[in-house]
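Biologist: Could you take me through one part of this model with some care, namely the place where two neighbouring parts of the chain come together? I would like a connected account.

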Amino acid sequence: MTLDFEKQKLVEELKRIKPKRVLVQLAEGIKQNSNEIADIIEPLGIEVIFSGETSWGACSVAVHEAKELNCDLIVHFGHAKFIDVDFPILYIEVKDILNLEPLLKKSLKELKEFHTIGLSYSIQHRHEIENIVKFYEKNRKKVILSKKSGHAAYEGHIVGCEYSGLKLIEKEVDAFVIIGNNFHSMGAALSVAKPVMLLDVYNDEVKNVEKLREKILKQRAISIQKLRDAKNVGIIIEVKPGQKFGNPKYLVTKLKEQGKNPIVITMSEVTTDKIMNFYNIDAFIELACPRIAIDDFAKYPKPILTFKEALVALNVKTWEEILKIGIV
Ligand code: SF4
């Protein structure tokens, strides 16, 4: 796999903005490329500081760090813009240069019975989307890109916590094809009722992720029951600018109404160690990234629920209502 760091755009933008000191955030998979990035930016006479904190999405733009370190710009690599913040940010989305044709050919067998495909891609494959659409059309498929909705930056763009753009086209398609990795396809499978195929570009595989959906939904139902049985409940709120999924005050009121003892806890990142230290807490509701509760289910010693799941446990919504809008 070759990565394209969009050097021309990066240099042009930096020359235009003229920052003196920049904070560089690299998505987790590209932190190893920090020297290469420094070699592009430093010759422009700009001081570079790399953030060593995790950067799982553009929800976690490091505004606080940048301000503390007197930086005048954040250069955020590997994600598209997610939210507006009160600090200048240059987004470099980074392209994966891959030959997708063999995988697309392979996918035709799996897609045999589907005529209209809903197509979504993770940001590193945006530059390929025209070719992908042409390929399927040449093979007599109708392609509809998921809508640009919510946190999605473009038509067809998929984000791990935003599937409304897929839901908006669900009625028109027979199946969804996700160009990317397990993370995005699993989120899609939990959000739509139509079949979801992953074109796993990193493992060169075509996967139907439907079975995974059933397994995860069962796990989520168990966590919901555990919150119903819990006495002491921790509501985790994140300090990352884009990770505000739900209203903690509302939850405190609802939990108290049901005889539970809620506390609100802030974390810069949810980890097993931090969770373990609150050993008096029976269950947690996290209002940070909804994927922490869903994907890392097995990692934590205590049940952790998303805001939507908590609404089910508290009888504000039914499980069926949440499934209809998508659990992510
Ligand atoms: S909130 Fe989670 S899923 Fe959404 S962009 Fe951030 S890390 Fe990704």
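Modeller: In this predicted model, the protein is divided into domain 1, which covers 2-94, domain 2, which covers 101-208, and domain 3, which covers 213-325. I will keep to the interface of domain 1 and domain 2, whose centres, taken over C-alpha atoms, are separated by 28 Å. Between these two domains about 590 Å² is buried, with 55% of that area on carbon and sulfur atoms. On the domain 1 side, Ala-80, Phe-82 and Glu-93 together supply 68% of the area that this domain buries against domain 2, which is more than any other three residues supply. Counted by contacts, 8 residues of domain 1 touch 9 residues of domain 2.

Two of the three residues just named come up again. Glu-93 meets Arg-126 in a salt bridge between their side chains, at 3.7 Å from N to O, and across this interface the rule finds 1 salt bridge. Phe-82, for its part, is also one of the residues around the ligand, a group that includes Trp-56, Cys-59, Val-159, Gly-160 and Arg-291. That shell divides into 8 nonpolar residues, 2 polar and 1 charged, and the space that the ligand takes is the largest pocket.

Terms used:
Residues are numbered from 1 along each chain as its sequence is written. This is a predicted model: local features need pLDDT of at least 70, side-chain atom pairs count only at pLDDT 80 or more; totals for chains, interfaces and linings use all residues. Side-chain values use heavy atoms; hydrogens and water are left out. A residue is near a molecule or strand if one of its heavy atoms lies within 4 Å of it. On a 1 Å grid over the protein atoms alone, a cavity is a set of points where a 1.4 Å probe fits but cannot get out, and a pocket is an open set with protein on both sides within 12 Å along at least five of seven lines; lining residues have an atom within 4 Å of a point. A molecule sits in a cavity or pocket if more than half of its atoms lie within 2 Å of its grid points. Ala, Val, Leu, Ile, Met, Phe, Trp, Tyr, Cys and Pro count as nonpolar, Asp, Glu, Lys and Arg as charged, and the others, Gly among them, as polar. Domain bounds come from an automatic or database domain assignment. Contact means heavy atoms within 4.5 Å. Buried area is the accessible area (1.4 Å probe) that two parts lose on being put together, summed over both. A salt bridge is a side-chain nitrogen of Lys or Arg within 4 Å of a carboxyl oxygen of Asp or Glu.
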